[in-house]
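Let's walk through this structure together, one chain after the other. Keep the viewer open as you read.

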Amino acid sequence: MISFSHVYKTYRGNEGRENHALRDVTLEVEKGEFVFMTGPSGAGKTTLFRLLSAFDRPSSGRTSVGGYDIATITAKELPFFRRRIGVVFQDFRLLRDRTTFDNVALPLEILGERRANIERRVLECLASVGLDDKKDEYPDQMSGGEQQRMAIARALVHRPGLIIADEPTGNLDPAMSREVMRLFDRANAQGTTIFIATHDHEMVRRAGKRVVEINRGQIREQRPETSELSLEGTWPSMTT
Amino acid sequence: MAIHDDVKSISRSWRQHFGLQSATVIVLTATFSVVIFILSTALNFQRVLAVWGEQVQVSAYLEDDLDERGIAALKASIEQRPDVAGVDFISKEKAALTFRDQMASYAPDLMSDSEFATPFPASFQIRLKEVSNETAQVPALEKLAREIQKTDGVEDVSYGQSWVRNYSSFVGVMKSLGLLLGFILLVGSLFVVGNCVRTLVSGRKEEIEILELIGATSPNIRRPYIVEGILLASVSALFALGLNVVVYGWLIEVMKRSLAFARMAQEFSFLSPLQAGLVILTACAWGAVGAWLTVRSLNSGWAAARGIRA
């Protein structure tokens, strides 16, 4: 699903000095895996996140995501690649002038789904993140946590093969964080590959999933952690 | 994304940028009004020229000493010409009578003047066959007049040449000026639509980025702006047509009152429904072109990562 091989991402500074945001990164993530990426601020998490979601190209090395080579992907292929992934942004990237329903419906509208299908899927998704009673509200009328869940619902609604999330629980309290992680876990159980960048070591430790640690642009460690959180059983819908 | 989404997107845009959209509609309405006025006036002048051309006759004044046999022979020879539709003989007496009738209201004493002698020679009124277009009418008249002038028994020929030629030149100049002005205004209207769309794009920069990030293709992203350009132009064209209907109605009334002698009012009319429909379709195409020129390089798929060019 994800294959990075000797990937470098280099930015040139004002004085012409090269700054390697990523150095010689090699990473393999199989289809259906659940991976956390952790690391301190400035370690290269965001750069890796941008490459994974094809918001940027690598300076060198091979980067393949879902069968697309990010280094050579064309402008015409790009939208079709992005339709196959779901991205949760740290800053949500919600449309302020659209309701919760309309924001979550966007990926399905772009896919050209039928109206009835869109309504059914969006309402299902909103119910699963506990926002079914907020479907007609606008992002600015909602709390940070609700906006976060709206962004997650938008990433999940079109059932992508890969979900990439940047600090998806950054604005949530511990209880809500656990609920959101359950959502990701449920998507993962249905075969979706999950890749989450996070600072939340506690959440990572509790989830017991594979962890990729990045520091100074290099992947330092890849290790599975023991789960302390039971993700089995039924999925209660969340409430605020 | 379907038409339903375009409609939602446009209604959002109108709610958010009502002032800008209204200003654009006003400027476009003014521009299209002038273009439509020029167009319909040019069509009307052309129609008047055609009607007047049809009414123009060649008068061949006969020599005084031509006898009846000579007159009949000359009439037959003119009637045989392929460009002649008919020939009417006007005797000296009939010419005098017609003159007196026409002058009756201006010089009533003339009617009762027993000493009024006819100053007019006998003549033939020669009607031309219809010429396919009005620009060919003047040369055809001139050719016929030249040839008849050379005929024995014809003293002089007249066909209101200077009036017809001047009017034809006037219409030609008006047409050229109209075309030039219309072209300038239409090019200007492209920029008006383009600038409006550019401002809308700037206001919706974030939305475009987000749409790109979740997989909207370039046509998906550009289409609402192009539809918006079409909408702005078509609404403006409708207003401009309405405005012109009012102005033309007033103008025709003025012509009926003040220029009755020229008999122009009955030939003047506004665009036909088909022509008005064509104007709206052209405006739609124009709006689409103006918007497309602005949004054609709007997004490349990487815009969200680099900051879009708007």
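A useful term to begin with is pLDDT, the predictor's confidence in each residue, which runs from 0 to 100. You will want it here because what you are looking at is a predicted model. For the model as a whole, the scores are an ipTM of 0.80 and a pTM of 0.67.

Start with chain A, where pLDDT averages 85 and 92% of the residues score at least 70. Among its elements, helix α3 (residues 100-111) of chain A has the highest confidence, at 93, while strand β10 (residues 218-224) of chain A has the lowest, at a mean of 72. Please read the stretch 228-240 of chain A with care: pLDDT stays under 50 there, and the model gives these residues 19 contacts beyond four places in sequence.

What is chain A built from? Its secondary structure comes to seven helices and 10 strands. Of its 240 residues, 46% count as buried. Look also at how far apart in sequence the contacting residues are: among contacts in chain A with a separation of 6 or more, 65% are between residues 24 or more positions apart.

Now find the open sheet of four strands in chain A, whose order is β2-β1-β4-β5 and whose pairing is antiparallel. At its edges lie β2 (18-29) and β5 (68-69) of chain A, each of which pairs on one side only. Follow strand β4 (residues 60-65) of chain A to β5(A), and you will see an antiparallel pair held over two bridges. One bridge to pick out matches V65(A) with Y68(A) in β5(A).

Next, turn to helix α6 (residues 174-189) of chain A. This helix has 16 residues and reaches 22 Å from its first C-alpha to its last, close to the 22 Å expected at 1.5 Å a residue. Which residues of α6(A) are buried? They are M176(A), S177(A), E179(A), V180(A), M181(A), L183(A), F184(A) and A187(A). The buried residues of α6(A) pack against three helices, α4 (115-128), α5 (144-156) and α7 (201-207), and two strands, β7 (162-166) and β8 (193-197), of chain A. After α6(A) comes G191(A), which has a positive phi, near 105°.

From there, look into the nonpolar interior. The largest nonpolar core has 75 residues, and M37(A), V104(A), I152(A), A153(A), I164(A) and F195(A) have the most contacts inside it. Leaving aside residues up to four places away in sequence, V104(A) touches V122(A), C125(A), L126(A), M150(A), A153(A), R154(A) and V157(A). A second, separate core has 25 residues, including L28(B), L39(B), I230(B) and A283(B).

That brings us to chain B, which averages a pLDDT of 80, with 82% of the residues scoring at least 70. Confidence in chain B is highest in helix α10 (residues 273-295), at 90, and lowest in helix α11 (residues 303-306), at a mean of 55.

Chain B also has an open sheet of four strands, antiparallel in its pairing and ordered β2-β3-β1-β4. Its edge strands are β2 (84-90) and β4 (154-158) of chain B, each pairing on one side only. From one strand to the next, the twist averages 20°. Within this sheet, strands β1 (residues 57-62) and β3 (residues 123-128) of chain B run antiparallel and are joined by five bridges. In β3(B), F124(B) is the bridge partner of A60(B). Helix α3 (residues 68-79) of chain B packs on the sheet, touching β1, β2 and β3 of chain B, and its direction makes about 160° with that of β2(B).

Methods: Residues are numbered from 1 along each chain as its sequence is written. Chains are lettered from A and ligands numbered from 1 in the order in which they are written. This is a predicted model: local features need pLDDT of at least 70, side-chain atom pairs count only at pLDDT 80 or more; totals for chains, interfaces and linings use all residues. Two strands pair if DSSP finds at least two bridges between them. The expected span of a helix is 1.5 Å times one less than its number of residues. A residue is buried if 20 or more other C-beta atoms lie within 10 Å of its own, exposed if 12 or fewer, and partly exposed in between; C-beta atoms are placed from the backbone. Two residues are in contact if their C-beta atoms, placed from the backbone, lie within 7 Å. A nonpolar core is a set of buried Ala, Val, Leu, Ile, Met, Phe, Trp, Tyr and Cys residues joined through C-beta atoms within 7 Å. Axes are lines fitted to C-alpha atoms, for helices over the stretch in contact, and angles run from 0 to 180 degrees between N-to-C directions.
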